[in-house]
Amino acid sequence: MSRRLRGLRRVSQLFFLAAFVLLFALAAFPLRSPIPVDIFLRGDPLIALSAMVSLRKLIVPLVWYALPVLVLSLFLGRVFCGWICPMGTMIDICERLFRVKGRRPSQAPRWRTAKFYVLIALVVTMLVPAAHRSAAELGLTQTVGLSAVYAMDPIALLTRTFTLAGLPAAQWAVQMTRDTVTSWSYTPVVEEHPTLDRALIPVQTGLSLVARDGPVHFRLSLLAFATFVAVVALGRYARRFWCRNLCPLGALLGLAGKASPVRLAVSAKCTGCMRCVNECKMGAISEDPHQYSGPECIGCYSCIAVCPEKAISVTIGHLDTDRTDELQLDRRRLLSAAGAGLAAVVLPKVGWGAMRTQATEKVLKVSSARLIRPPGALAEEEFVTACVRCGECMKVCQMNALQPAFGEGGLEALGTPIIVPRMGPCIQPCDLCGAVCPTRALEPFTMEEKSHLYLGTASIDRSSCIAWAADRQCLVCDEACSYDAISQKEVEGIPRPVVHEDICVGCGICEWVCPVEPLGAIRVYSSGDRRHWTRAEQRELRQRAEDERQPESDGQLLYPGL
Amino acid sequence: MSKHDMTRRDFIRRALRAGLATCALSGVDGLLGEQAAAAASGPTIAVASRKGPAELVGAAVEAMGGIGKFVKRGARVLIKPNIAWARKPEQAATTNPEVVVEIVRLCKQAGAREVKVTDHSVDGPEALLLRMTGIGPAAQGAGARVSLASSPALYERVNLRGAKVLKSVEALRDLRRADVFINVPIAKVHSATGVTLGCKNLMGTVLDRGAWHRSNLDQCIADYAKELRPNLVVLDATRVLLTNGPKGPGRTEAKGIVVAGTDPLAVDAYGATLLGRQAQQVGHLTRAHDMGVGEIDLERVKVKHV
């Protein structure tokens with residue numbers, strides 16, 4: 001039985017990788033999946049820990065999925081890393097693909113403990129009170145952290161890579177093919193031969209089913225891809241370099257598995273041939289093959305498979321096997337790690353990007369005229385710490401409207417989703433992003449609620465609006481507005497568009513359709529961002545605005561040039 | 001040199017030829033632009049009322065001579081409903097799916113080789129739009145190929161002779177490829193153009209609509225309508241949008257009317273009255289009329305009520 005474990009493990013790895021890819025693909029309209037499409041992220045105990053600790057609240061949907069993985073680790077150690085983790089599988093696959101013959105990666109355990117320091121630094125970022133929940137709620141119980149888990153969590157990292165780099169590439173390839181096939185169907189040859197034409201139809205239909213109708217573009221896609229490549233490429237120095245040295249999730253699960261009753265036992269048949277030592281992709285077996293490190297073993301069972309003497313077996317509860325569970329952490333490094341965590345909170349917070357405007361509610365960042373969050377987003381302080389930058393919301397966004405923030409919102413908001421209306425609007429009949437956010441940084445919302453989830457406010461640049469400045473017959477913004485927030489006002493006999501600021505929710509469709517190139521003459525700014533209000537308050541505002549329509553308050557441009 | 005070498009600029013010639021053929025077969029005037037419009041007899045339109053949507057279409061098309069007059073066996077048919085917005089059918093921002101389905105069915109019945117339903121939408125992604133408007137699954141079920149034309153690969157540049165502003169435009173390739181082009185607009189008021197009926201609906205067959213807004217919208221619509229002549233217009237007024245058009249949400253009214261005709265302006269002129277307007281007040285219709293696209297004076301239009 002023991003000898004078949006390696007084969008089983010490989011099947012498991014491929015199964016979970018396939019599931020990961022499939023669920024990623026299923027994160028699209030219409031959202032039809034028997035299990036949550038973000039289940040890998042929800043089941044990630046590090047993400048759950050990060051969201052709950054840094055928000056100081058219990059998030060039940062996260063607990064349900066993360067707990068089983070943690071329990072699994074309590075009993076079986078880091079089997080998640082060896083059998084389930086799609087990042088681990090990607091690393092294994094890439095190692096096989098890019099292996100250099102005759103070159104043996106190092107087994108030296110030099111960087112081994114680094115991952116524990118990474119974990120400690122991340123826990124510090126969750127714990128340190130980085131901000132008050134809101135200006136109105138001062139006091140230590142009302143603080144939130146500024147978790148940096150997004151930077152190192154493997155599942156978030158892989159999902160992000162798939163979204164920002166994989167999706168646009170795949171989409172581009174499919175669309176190129178589809179467009180080429182489409183152009184064939186208009187050639188004289190095909191037009192004259194109906195059979196050829198009919199043969200092309202299923203190809204076109206098939207490709208259309210796979211592709212979205214528009215191209216997909218993301219900012220930061222190169223950065224996401226480079227991060228992934230770096231993680232994989234480290235395997236050149238040591239197999240599973242990332243997993244053995246850097247991964248904080250691996251560290252967490254390793255800690256959880258310290259008391260695991262399932263162990264490897266080496267019988268007296270061992271001749272000390274060192275094959276297991278050299279095979280172990282985690283470098284978990286010491287020079288003396290009888291000894292191995294518990295928190296390092298990912299249960300891949302390759303040692304069992306390569307042992308010529310069949311001396312290694314899986315046993316339960318034999319406390320006399322030579323497993324060491326010590327971490328051997330250095331106190332000085334521990335302090336450095338904590339210091340690094342502290343710096344990871346303080347630096348973004350003291351950066352100018354996090355600075356607030358002087359408005360009474362102080363919810364707007366100076367850097368964020370264009371920080372338009374998706375609907376359902378928590379108030380900014382909570383949002384930046386809850387968001388793991390996995391990119392699920394950007395993947396699922398049908399309009400390619402959601403993009404990773406770069407400068408908007410400062411360093412603390414790097415990679416968090418914002419709506420970039422010129423790339424795509426937040427269309428009314430859609431509630432997908434709220435449905436796929438693993439940490440509830442975007443709380444679920446209904447399509448009806450979108451009429452009063454205030455993300456920002458549109459304003460018209462009258463100096464470039466062709467209706468205002470050039471007397472053109474254009475009210476495309478008014479046409480497209482889903483919420484009736486734009487109306488026409490006759491000035492000098494010509495109808496011109498005006499914005500109802502309390503009805504406009506900042507969905508950005510006006511900016512998207514505006515024929516003024518390249519920026520659009522109507523633009524959405526964060527001035528109307530009312531995430532810090534409850535949904536009931538926002539609904540009331542909308543109701544009031546509906547009752548007393550003021551078409552004269554007509555949205556002059558707030559930030560010309562942006 | 002094969003005839004296929006003359007692709008683009010023959011767009012219009014082809015359309016005219018199709019129109020001529022139809023006229024020859026039917027004896028109905030109205031497709032030859034100026035001469036037809038000036039004809040003393042005036043164009044004929046059919047107005048069907050007091051029935052279910054499918055029966056309305058059937059009756060109106062029958063009154064225009066039956067589908068067989070327009071769609072020959074083996075013909076390629078292109079149907080252009082309004083699928084511009086992500087709205088439900090009852091919001092009357094998009095063509096009633098039952099109307100579209102009935103036309104697809106009629107074409108299939110007449111022996112059409114291929115029936116395509118397409119639009120260049122303004123709003124939202126294809127999958128959502130086709131589902132929300134109800135047109136996607138329904139028309140597919142009736143045997144049509146339904147898709148939204150967002151890819152630039154589906155367009156080709158066409159020069160518009162006789163145009164005043166819009167000298168050339170990227171138009172759907174399928175317009176050239178199809179033997180029969182049926183325009184199926186819905187009657188709505190429109191913020192920029194007053195009303196949106198058949199002529200305005202044609203805007204959904206071009207790639208860059210923004211250019212029209214940047215130059216002169218009414219004239220562009222007229223220029224395009226002069227060149228792109230549908231073989232048949234079936235105006236859906238089963239439900240009309242009376243306020244906050246073209247997307248709504250606004251006040252809708254169940255009119256229970258379908259208008260069919262071959263003179264695009266005669267149909268639009270009648271459609272305008274359903275929205276409480278006169279064609280003479282609508283910029284793009286008067287401009288199209290001035291260019292000889294068709295008749296907007298309803299006094300000179302023969303209206304068959306069925």
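Visitor: I'm looking at strand β12 of chain A. Which residue in β12(A) is the bridge partner of Thr457(A)?

Guide: That would be Tyr525(A). Keep in mind as we go that this is a predicted model.

Visitor: And in which sense do β9(A) and β12(A) pair?

Guide: Antiparallel. Strand β9, residues 457–460 of chain A, pairs with β12(A) over 4 bridges.

Visitor: Which way do the residues of β12(A) point?

Guide: Here's the general idea: side chains in a regular strand alternate between the two faces of the sheet. In β12, which covers residues 522–525 of chain A, Ile522(A) and Val524(A) point one way, while Arg523(A) and Tyr525(A) point the other way. All of them are buried.

Visitor: Let's try a helix. How many residues of α10 in chain B are buried?

Guide: For helices in general, there are 3.6 residues a turn, so residues three or four places apart point the same way. Now look at α10(B), residues 217–227: it is mostly covered, with 11 of its 11 residues buried. Charged names turn up in that buried list too, among them Asp218(B), Asp223(B), Lys226(B) and Glu227(B). Leu217(B), Ile221(B) and Tyr224(B) are also in it.

Visitor: How many residues does the largest nonpolar core have?

Guide: It has 264 residues, and those with the most contacts inside it are Ala60(B), Val234(B), Val258(B) and Val259(B). The element that gives the most to this core is helix α7 of chain A, residues 114–127, with 10 residues.

Visitor: Why does this core lie between domain 1 and domain 2 of chain A?

Guide: Because both domains of chain A give residues to the core.

Visitor: Back to Val234(B) for a moment. Which residues does Val234(B) touch?

Guide: Leaving out residues up to four places away in sequence, Val234(B) touches Val57(B), Ala60(B), Val61(B), Val99(B), Ile103(B), Ile182(B), Val184(B), Val258(B) and Ala260(B). Two of these, Ala60(B) and Val258(B), were also on the list of residues with the most contacts inside the core.

Visitor: Where are the domains of chain A?

Guide: The domain assignment gives domain 1 as 2–155 + 225–324, and domain 2 as 354–547. Their centres, taken over C-alpha atoms, are separated by 39 Å. The contact takes 28 residues from domain 1 of chain A and 24 residues from domain 2 of chain A.

Visitor: What gives the most to the side of domain 1 that touches domain 2 in chain A?

Guide: Helix α3(A) does, with 5 residues. On that side of domain 1, the residues divide into 19 nonpolar, 5 polar and 4 charged.

Visitor: How many residues does each chain bring to the contact between chains A and B?

Guide: Chain A brings 30 residues and chain B brings 32 residues. On the chain A side, α8 (154–184), α9 (188–192), α10 (194–210) and α21 (476–480) each supply at least two residues. The largest share there, 4 residues, comes from α21(A). By type, that side divides into 14 nonpolar, 8 polar and 8 charged.

Visitor: What about chain B as a whole: how many helices and strands does chain B have?

Guide: Chain B has 12 helices and 12 strands. Of its 306 residues, 62% count as buried. Among contacts in chain B between residues at least 6 apart in sequence, 74% join residues at least 24 apart.

Visitor: Now the backbone oddities. Where is Pro246(B)?

Guide: A general point to start: most residues other than glycine have a negative phi, and most peptide bonds are trans. Pro246(B) lies in the loop between β10 (232–241) and β11 (252–261) of chain B. The peptide bond from Gly245(B) to Pro246(B) is cis, with omega near 5°. Pro249(B) lies in the loop between β10 and β11 of chain B as well, and a cis peptide bond joins Gly248(B) and Pro249(B), with omega about 0°.

Visitor: What about phi: is the phi of Tyr301(A) positive or negative?

Guide: Positive, about 60°, although Tyr301(A) is not a glycine. You'll find Tyr301(A) in the loop between β4 (292–293) and α15 (302–306) of chain A. Arg50(B) also has a positive phi of about 60° without being a glycine, and Arg50(B) is in the loop between β1 (44–49) and α3 (53–63) of chain B.

Visitor: Is Arg50(B) buried or exposed?

Guide: Exposed, because Arg50(B) has 11 C-beta neighbours inside 10 Å. Tyr301(A) has 24 such neighbours, so Tyr301(A) counts as buried.

Definitions and conventions. Residues numbered from 1 in each chain as written. Chains lettered and ligands numbered in written order. Predicted model: local features only at pLDDT ≥ 70, side-chain atom pairs only at ≥ 80, totals over all residues. Core = buried A, V, L, I, M, F, W, Y, C linked by C-beta atoms within 7 Å. Buried ≥ 20, exposed ≤ 12 C-beta atoms within 10 Å, placed from the backbone. Domains from an automatic or database assignment. Contact = placed C-beta atoms within 7 Å. Pairing = 2+ DSSP bridges.
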